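Some notes on the structure follow, as numbered points. They begin with one helix and then turn to the strands and the ligand.

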Amino acid sequence: MGIIAAEAKLSKSAPVVRKYRALIHHQQDKPVQPDISVKHLNKVYADGFRALKDINLDIERGEIFALLGPNGAGKTTLISIICGIANISSGEVKAAGYDIVKDYRKARESIGLVPQELHTDSFETVWGAVSFSRGLFGKPPAPEHIEKVLKDLSLWDKRNSRIMSLSGGMKRRLMIAKALSHEPQILFLDEPTAGVDVELRRDMWEMVRKLRENGVTIILTTHYIEEAEEMADRIGVIRQGEIILVEDKAQLMSKLGKKELRLHLQQPLETIPGQLALEPVELSKDGYELIYTFDSQQEQAGVARLLRTLGDLDIEYRDIQTRESSLEEIFVGLVNE
Ligand SMILES: Nc1ncnc2c1ncn2[C@@H]1O[C@H](COP(=O)(O)OP(=O)(O)O)[C@@H](O)[C@H]1O
Ligand SMILES: [Mg+2]
């Protein structure tokens, strides 16, 4: 059984796929192709603006990748290029192994795109719109697939409704249904939850997880840190056209995360005692709080040492609080660097 066949068989469950990919990888001793591969990509718009600067990025099959960045960072530009909507200035992009310039049709067929801007004021029915989208890719009609997609997205009851009569949330789901109509391997969601209410956002996250369980590779852009924190396996941070970091979410949080320990003292201190001079300790203005900051990665040894030293100095405290930095703080720290 070849790699492709093995993967096709296993594509039902991403974790299983990953496990077996590791195995295949090991056996064949050469890396399995990523689903998206971007190499030295640059984009200069017609007006001379450099929107993307030497982007390098690999996205693996079956992962949820969040591209996180402030407005204007280049997220939509990057997606538009991968989807063949905008031209490459220089560099190379492959989707599902196909070069998006030389093998445009094959590459595009493997991709579903839910664009940032929704165009949804239509007299067409839900069923008609989704079927039409599939047709655009030259795929033969597959009513059973469309039925499954509509059911998965809770749109089945609305299949005969006109698009213009749908609620905002249903329109969003319809955009996803259209993007999935031709059974793509890769799904792009460009700011899927911008401006939607909390409940719909939760629904969307749930849907995205289900899609991933079906083996779809998902790339979503967002400027909601919470979304990346909640959803992503890996996170890429883009700022002013440059990818400044790509990291496993859990590793990112432990690597860059800080922990803070606050000690509320019985008696205020005027200065930090000399014995603590070498420790990452600050004193609050009123002298009642000692604030100790350390990396989440580090062992607790520093804390133990701190408390011991305080004991030796007879400095009494009545309360201890600890706090871990959120992805938000990490992100703000990064983009403001
Ligand atoms: N067609 C265009 N011509 C010139 N500049 C553009 C064009 N489209 C986008 N830009 C600029 O490129 C930058 C990145 O835009 P975009 O990719 O939409 O960012 P994001 O999706 O991260 O908000 C922005 O500064 C934007 O103004
Ligand atoms: Mg955008």
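1. This is a predicted model. In helix α6, residues 143-152, the buried residues are I146, V149 and L150. They lie on the same side of α6, because the arc they cover around the axis is only 95 degrees. An α-helix has 3.6 residues a turn, so residues three or four places apart point the same way.

2. The exposed residues E144 and K151 sit on the face of α6 turned away from its buried side. The packing partners of the buried residues of α6 are α5 (126-136) and α7 (168-180). Just after α6 comes S154, whose phi is positive, at about 55 degrees.

3. Strand β8 (residues 217-222) is largely enclosed by the rest of the structure, because six of its six residues are buried. T217, I219 and T221 point one way from the strand, while I218, L220 and T222 point the other way; all are buried. In a regular strand the side chains alternate between the two faces of the sheet.

4. Which strands pair with β8? Strand β3 (residues 64-68) does so in the parallel sense, over five bridges, with I64 having I218 as its bridge partner in β8. Strand β7 (residues 186-190) also runs parallel to β8 and is joined to it by five bridges. On that side, L189 stands opposite L220.

5. The connection from β7 to β8 involves helix α8 (residues 198-213): β7, α8 and β8 make a β-α-β unit, and the unit is right-handed.

6. Is F188, a residue of strand β7, buried or exposed? F188 counts as buried because it has 26 C-beta neighbours inside 10 Å, and 20 or more are required. With neighbours within four places in sequence left aside, the contacts of F188 are I79, C83, I111, L113, V114 and I219. The I79 contact spans 109 residues in sequence, yet the C-alpha atoms of F188 and I79 are 7.4 Å apart. I219, another of these contacts, belongs to the set in β8 that points the same way as T217 and T221.

7. Ligand 1 is surrounded by Y45, D47, F49, A51, G69, N71, G72, A73, G74, K75, T76 and T77. By class, this shell has four nonpolar, six polar and two charged residues. Helix α3 (residues 75-82) gives the most to the shell around ligand 1, namely three residues.

Methods
Residues are numbered from 1 along each chain as its sequence is written. Chains are lettered from A and ligands numbered from 1 in the order in which they are written. This is a predicted model: local features need pLDDT of at least 70, side-chain atom pairs count only at pLDDT 80 or more; totals for chains, interfaces and linings use all residues. A residue is buried if 20 or more other C-beta atoms lie within 10 Å of its own, exposed if 12 or fewer, and partly exposed in between; C-beta atoms are placed from the backbone. Helices (H or I, at least four residues) and strands (E, at least two) are DSSP runs, numbered from the N terminus. The arc is that of the directions from the helix axis to the C-beta atoms. Two residues are in contact if their C-beta atoms, placed from the backbone, lie within 7 Å. Two strands pair if DSSP finds at least two bridges between them. A crossover is right-handed if, with the strands pointing away from the viewer, the path from the first strand over the helix to the second runs clockwise. A residue is near a molecule or strand if its C-beta atom, placed from the backbone, lies within 6 Å of it. Ala, Val, Leu, Ile, Met, Phe, Trp, Tyr, Cys and Pro count as nonpolar, Asp, Glu, Lys and Arg as charged, and the others, Gly among them, as polar.
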